Amino acid sequence: MYKVFVENLPVIFTDHSENYSQSVIMEASEVNDIISFVRSKSSIITNEFPLVIHSTTVEKDFNRIFQSFQRVVAAGGIVCRGEELLMIRKNGFWDLPKGFVDQGEQYEECAYREIMEECGVAGHQLAHYLLETMHTYHFEEQHVLKTSHWFLFHYDGSKVTSPQRCEGIQEAKWIAFNEINSLMDKCYGSIRDVFECYSHHVKN
């Protein structure tokens, strides 16, 4: 099973479409241009009811549908400081620090570095891996499929942050965990999934 946010809308690739009976379900053989297809269904795709693409050969059809996309890999993290989490604001959205993985760099190393660069925070300690997310975007007329690996870090240092403004980051801010839900409408779908994973971890 794969979950990809296309045009910030959730798309599930699965061989068990019966688990999504209330969603729009399409056979993979009917889908070629995934961007146009999602746009045509955008009014009826929601986070609760994603577009479901059924296939008996999920990986094969997934690779076919995204074969024209440039693929990039990134890593980032949730940094927890007591009851607060570190977030960034960029392009009008609340986000989490992340960035492209350098050649030869481990995912967790990249996540640590990006947090330090984008937020001016150092000394955070790796707790564990959270999840992988995928989303698409456009860059210089090229469709891009971005896979991001997410980690949880703990931090007990200063609350002072320094947003990386040269990367368009307007703000790096510690936000109380109980206030995160009020920002979800201003977050990308993939970021909501990261917080859902984190919340599940906290409860268990």
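Glu 84 is buried, its relative accessible area being 18%, and in this predicted model its carboxylate is engaged by two basic side chains. One partner is Arg 81, with which Glu 84 forms a salt bridge whose closest N and O atoms lie 3.7 Å apart; the other is Lys 159, whose side chain meets that of Glu 84 at an N to O distance of 3.1 Å. The pair of Lys 159 and Glu 84 links distant parts of the chain, since Glu 84 belongs to strand S6 (residues 84–90) while Lys 159 sits in the loop between S10 and strand S11 (169–176), 75 residues apart. Whereas Glu 84 is buried, Arg 81 is partly exposed with a relative accessible area of 23%, and Lys 159 is likewise partly exposed, at 43%.

**Salt bridges**

The structure holds 11 salt bridges, and those that share partners join Asp 102, Glu 105, Arg 113, Glu 114 and Glu 117 into one network. A further pair, Asp 61 and Arg 64, meets within helix H2 (residues 58–65), where the two residues are 3 positions apart, about one turn of the helix. Their side chains form a salt bridge with an N to O distance of 3.4 Å; Asp 61 counts as buried at 14% relative accessibility, and Arg 64 counts as partly exposed at 27%. Three of these pairs are set out below.

| Salt bridge | N to O distance |
|---|---|
| Arg 81 and Glu 84 | 3.7 Å |
| Lys 159 and Glu 84 | 3.1 Å |
| Asp 61 and Arg 64 | 3.4 Å |

**Cysteines**

The count of disulfides comes to 0. For Cys 119 the closest cysteine sulfur is that of Cys 166, and because the two sulfur atoms are 13 Å apart, they are too far from each other for a bond, the cut-off for a disulfide being 2.5 Å. Cys 187 is in no disulfide either, as its nearest cysteine sulfur, that of Cys 119, is 14 Å away. Both side chains belong to residues that count as buried, with Cys 119 at 0% relative accessibility and Cys 187 at 1%.

**The S9 and S10 hairpin**

Strand S9 (residues 125–139) and strand S10 (residues 142–154) run antiparallel and are joined by 13 bridges. Within this pairing, Glu 132 has His 149 in S10 as its bridge partner. The hairpin has 2 residues between the strands, and Glu 140 takes a positive phi near 50 degrees there.

**A buried loop residue**

Ser 17 is found in the loop between strand S2 (9–14) and strand S3 (25–27), yet Ser 17 is buried, with a relative accessible area of 14%. Leaving aside residues up to four places away in sequence, Ser 17 touches Ile 25, Val 52 and His 54. Of these contacts, Ile 25 lies at a position that falls in the range given for strand S3 (25–27).

Conventions:
Residues are numbered from 1 along each chain as its sequence is written. This is a predicted model: local features need pLDDT of at least 70, side-chain atom pairs count only at pLDDT 80 or more; totals for chains, interfaces and linings use all residues. Side-chain values use heavy atoms; hydrogens and water are left out. Helices (H or I, at least four residues) and strands (E, at least two) are DSSP runs, numbered from the N terminus. Buried means under 20% relative accessible area, exposed over 50%, partly exposed in between (1.4 Å probe, protein chains only). Contact means heavy atoms within 4.5 Å. Two strands pair if DSSP finds at least two bridges between them. A salt bridge is a side-chain nitrogen of Lys or Arg within 4 Å of a carboxyl oxygen of Asp or Glu.
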